[in-house]
Every structure is written in C-alpha cells, then in structure tokens.
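Trainee: Could you take me closely through one part of this protein, the annotated domain and the way its interior is packed?

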Amino acid sequence: MPERLFVCTPSKLGAYADCPRRYRYSYVDRPTPPKGPPWAHNSLGASVHTALKNWYALPADRRRPEALATLLKGTWVREGYRDDEQERAAYRRALGWLEAYVETLEPDADPLGVERVVAVKTAVLAFNGRTDRIDSRPGPEGQELVIVDYKTGRTGLDADDARGSQALALYAYAAERVFRRPCRRVELHHLPTGTVAGHDHTVESLARQLARAEETARDIMAAERAVADGGDADEAFPVAPGPRCGWCDYRRHCPTGAQTPGREPWAAVDRPTDG
C-alpha cells in the first residue's frame, strides 16, 4: 500500500521544526493540553491582516486612507493587552502603519488573490496554506505571480528572511501550479518600518525548500508511528529548549519549558513610550 500523504500547513511544519514537543502538544496529544492566555502581538497582527483584507474588499473608489480607521475598529481583536492604555496605543500605532502602507498601493489595482488558499500534492505532502496576497505583475515572459506576506513584528526583515522562508517558498510552489503561471518572487512587507524584503527563487531553490518540507513530514510521520506503536512520546517528540520556551502556548504543561520564565502576554507589543 502506498504511504499516506502528510496533510500540512506552513504552521504545522513550522511547529515541528521549532520544537517537536510543541508539535506533539498541538497535533498529537488528545485531549490537547490547555494553552496559556492569548498573546497581544497575535491580536495586533490579526487585526491588521483583516483590515487589509477588508480594504481590498471595498470598491476601488472607496479605498482611501480615511476608510482605514473604520476598517481597523471593525476588525480589532482586544485579547492579550496589559490594559486599555496599552491597547489604545497599539491601535494608534497600527492605524499609522496602515495609513502609511496604503499610500504605497494603487487603489484601483486588484491582486489576483487576497487571503487566498493554495494547495498542492506531492509524493509526500498534501499541502495547503492561506496567502495574505498574490499579485500578478509583468515579467520578462508575461504576467508572473508574486507572494506577499504582511509582517507586524517589532524586528525588521531583510532579503535573507524572504529567501529562507519555507512558508513563502511553498506558497510560491503551490500558486504556480494552481494558476499555471510562473511564481518565483516572494516578499515580506514589514508594516512597522514600511520596508519590503524580497527574494527571487529559481526552480532549483523552490525544489530545495520542498525537499526540506518533505523531509520534515517524513520525520513527523515516523514519530507519530512510533507513538502509535506504543513508543515513548517524549522520545519520539523531543523538546528543543531555548528562548522560544518563554513564548510557548504550552510552557506550563511542558516540564522543560516550565523552567523558563514565561513572557507576559503583552510583552511583544510593549513600548516605553506607549500612552
């Protein structure tokens, strides 16, 4: 019998790459261990992403900066902030990012896809993922696709981040097959700094990223089989301790992670000048 395909998203592959034990808590253990409190930086990112999705849902003649306050209020996620003062400061900051960002966009230019799911099957993977945006831009041999991913974290990004992103490469690989057009360009749009970090993949570099993802999938399936056959789950899914432990949803459930001081839910959006 052929081996089953590994059904995955970028976040599922990324969870295992970051820490196999976190993957186990998220996708293997049932019931799933309880998570910690929601993170303010996730709330902020989700609010900005949804506001941009709804910006493109507006008729072109209504895509004006003054519409952004209403869009952001309508999508604002309040969870995780320290207090109302920090939340208000984060909202003002996010609105400023959005206002500056849409000034770089053509209001009447519609992307090929916004929050578009792309999917592809290989000999190992059944991959699917939701892209923030897929642009269609002129290339040397006609229209080409570009994967655009919005980022709202505090740290700036560079071309190495775009080049090394497995998620962006898998999106590009899948989009090329879904739309039957070349898709080699990937971009990280960092709203806090207004910068774009981009990389132009080749057929070979996309193939290397795909091979990495398939190897991760094989490792996961082997670990899952070991547990199903009665093996020790801690051995099959070892912990990868490090600074990420302080941010892990399952820190308090993990004996190793619990030894790392936990970060406050609002720490990643805190600013000395907030308020």
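Mentor: An unreviewed UniProt entry carries the annotation "domain: PD-(D/E)XK endonuclease-like" for residues 9-255, in the numbering used here and with feature names shortened, and such annotations may be inferred rather than shown by experiment. This is a predicted model, in which local features need pLDDT of at least 70 and side-chain atom pairs count only at pLDDT 80 or more, while totals for chains, interfaces and linings use all residues. Residues are numbered from 1 along each chain as its sequence is written, and side-chain values use heavy atoms, leaving out hydrogens and water. The span 9-255 is 46% helix and 19% strand, and its end C-alpha atoms lie 27 Å apart; helices (H or I, at least four residues) and strands (E, at least two) are DSSP runs, numbered from the N terminus.

The largest nonpolar core, a set of buried (under 20% relative accessible area, 1.4 Å probe, protein chains only) Ala, Val, Leu, Ile, Met, Phe, Trp, Tyr and Cys residues joined through side-chain atoms within 4.5 Å, has 37 residues, and Phe-6, Leu-125, Ile-147 and Ala-175 are those with the most contacts inside it. Among the elements that each supply at least two residues of this core are strands S3 (125-139) and S4 (142-151) and helices H7 (166-179) and H8 (203-228), and the largest share, nine residues, comes from H7. Not counting residues up to four places away in sequence, Ile-147 touches, with heavy atoms within 4.5 Å, residues including Ile-134, Leu-168, Ala-172, Ala-175 and Val-186, as well as Arg-133, Arg-185 and Glu-187. A second, separate core of 28 residues includes Ala-51, Leu-71, Val-148 and Leu-191.

Notes: Buried < 20%, exposed > 50% of the residue type's maximum accessible area, 1.4 Å probe, protein only.
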